[in-house]
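Please open the structure in your viewer and keep the selection tool at hand, since this tour goes from one group of side chains to the next.

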Amino acid sequence: MSTRRLRSEDYNDYSSTEATPDGSPPEAINSFASPSSYQRFGESNGTTWFQTLIHLVKGNIGTGLLGLPLAVKNAGIVLGPLSLLVMGIAAVHCMGILVKCAHHFCNKYQRPFVDYGDAVMYGLEATPSAWLRTHAIWGRYIVGFFLILTQLGFCCVYFVFLADNLKQVISAANGTTNDCHSNKTTVLTPTMDSRLFILSLLPFLVLLVYIQNLKFLSIFSMVANLAMLSSLLMINWYIITGIPDPSNLPLVAGWKTYPLFFGTAIFAFEGIGVVLPLENKMKNPRHFSVILYVGMAIVTFLYISLGTLGYLRFGASIQASITLNLPDCWLYQSVKLLYSIGIFFTYALQFYVPAEIIVPGAVSQVPERWALWVNLLLRTCLVCVTCLLAILIPRLDIVISLVGSVSSSALALIIPPLLEITTYYSEGIHPVTIAKDVLISVLGFAGFVVGTYESLWALATPPISNTTHALVQ
């Protein structure tokens, strides 16, 4: 049995796909593919189903989760959780659409793997419109642009989150006690500006992104998951043991704040950028569909529960990250540090996608002896860009909403339904499916326009108080 590398020269793969035996008997990729013409093989040394589940959960749980109580405040105690459930179902459905369409084109073109950009390009090539077929390559470019924008936006948010929490822990250190039930407001010790905290994180994150092996990164994902799980358990314990009377909370918030809810919520649900790369790295990718729905069911439950309970606990005083509402005792200061450790390691996973879009093309243009140095230089420059943007816009809640509205809504809600229409239109697609896809895309586009406008307006308006840095006891 020979082993050959399956790669096309015009295919911008995220990584190589190995170990495809010649002469293997054909069988189905999964339920989406034809059972007679194509076999979906994974890497012989790829990730297991458990490692993939870890990456999937880790890729969706980050700072967006901690911002959901504020998102629920912007929607209302009833409308917020219901909207989170609907948005979660829509986002997961769109992830499934993307996987289905990618498998369809793998089967159609006998490709080992099709990424998000290629799927959109092939979808445009399948349309009856001659103009769209001629300009199909722009589908790949648009997806690549939004992927880079989204994932690097995540990385900017991580810089701000880490700096905010580290600054709060350090500035409150002198007043930190073992009493977690005191309502006394801590007098903060003057410390350096949050932008200096952002800058101090730069060399450590640069070193972290030099790790390029996704399987090796699963070790860091496991550490991050354990750290974040421990902190989430303690956050939830603190929340449920002190929920006040919720009768004064609005059932439905004002219409002007709902677009900010949309941006924050879709930011939290935006894990679509890592879906196909994770499947491509699996040892047995045929199990991915089950992993996708199980993993996202866990994620959706965590989102709704923490978002709702967090707003019930802190009410109008909820901040951009719920960790900033925790009391100044050593137990809950450790919670902030634990979650920060998890976010620190998550940076590498979110950085993986834009790096694998940008770096290979640049490295291919230089002599082989310079390839490693160009690779490391580009990674360093990309981290520096996210650091600079975080310094320029250090308002965590607005950055989250803006990134979610601009790029996450396009990737998670607008493009996948349109891709399903273009992929299957010439082969026959039910009118109900078309109506469903159009509805999801229109709602996503409405959120994109209104959410972006409200985020930019909030960013241009000076805040009454620095909510991302203040302590509320």
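The stops below take in charged pairs and then aromatic rings.

This is a predicted model, in which local features need pLDDT of at least 70 and side-chain atom pairs count only at pLDDT 80 or more, while totals for chains, interfaces and linings use all residues. Residues are numbered from 1 along each chain as its sequence is written, and side-chain values use heavy atoms, with hydrogens and water left out.

Select K100 and E420 to begin: they form a salt bridge (a side-chain nitrogen of Lys or Arg within 4 Å of a carboxyl oxygen of Asp or Glu), with their closest N and O atoms 2.6 Å apart. K100 lies in helix α4 (residues 79-109) and E420 in helix α15 (residues 396-424), so the pair links parts of the chain 320 residues apart; helices are DSSP runs (H or I, at least four residues), numbered from the N terminus. Add K436 and D437 to the selection, and you have a network of salt bridges linking these two with K100 and E420.

Next, select E356 and R379, a salt bridge at 3.2 Å between the closest N and O atoms. E356 is buried (under 20% relative accessible area, 1.4 Å probe, protein chains only) at 11%, and R379 is buried at 3%.

Finally, select Y258 and F261, an aromatic pair (ring centres of Phe, Tyr or Trp, the last by its six-membered ring, within 6.5 Å) that is tilted (planes neither under 30 degrees nor over 60 degrees apart), at 5.1 Å centre to centre and 35° between the planes.

Methods. Helix = DSSP H or I, 4+ residues; strand = E, 2+ residues; numbered from the N terminus. Buried < 20%, exposed > 50% of the residue type's maximum accessible area, 1.4 Å probe, protein only.
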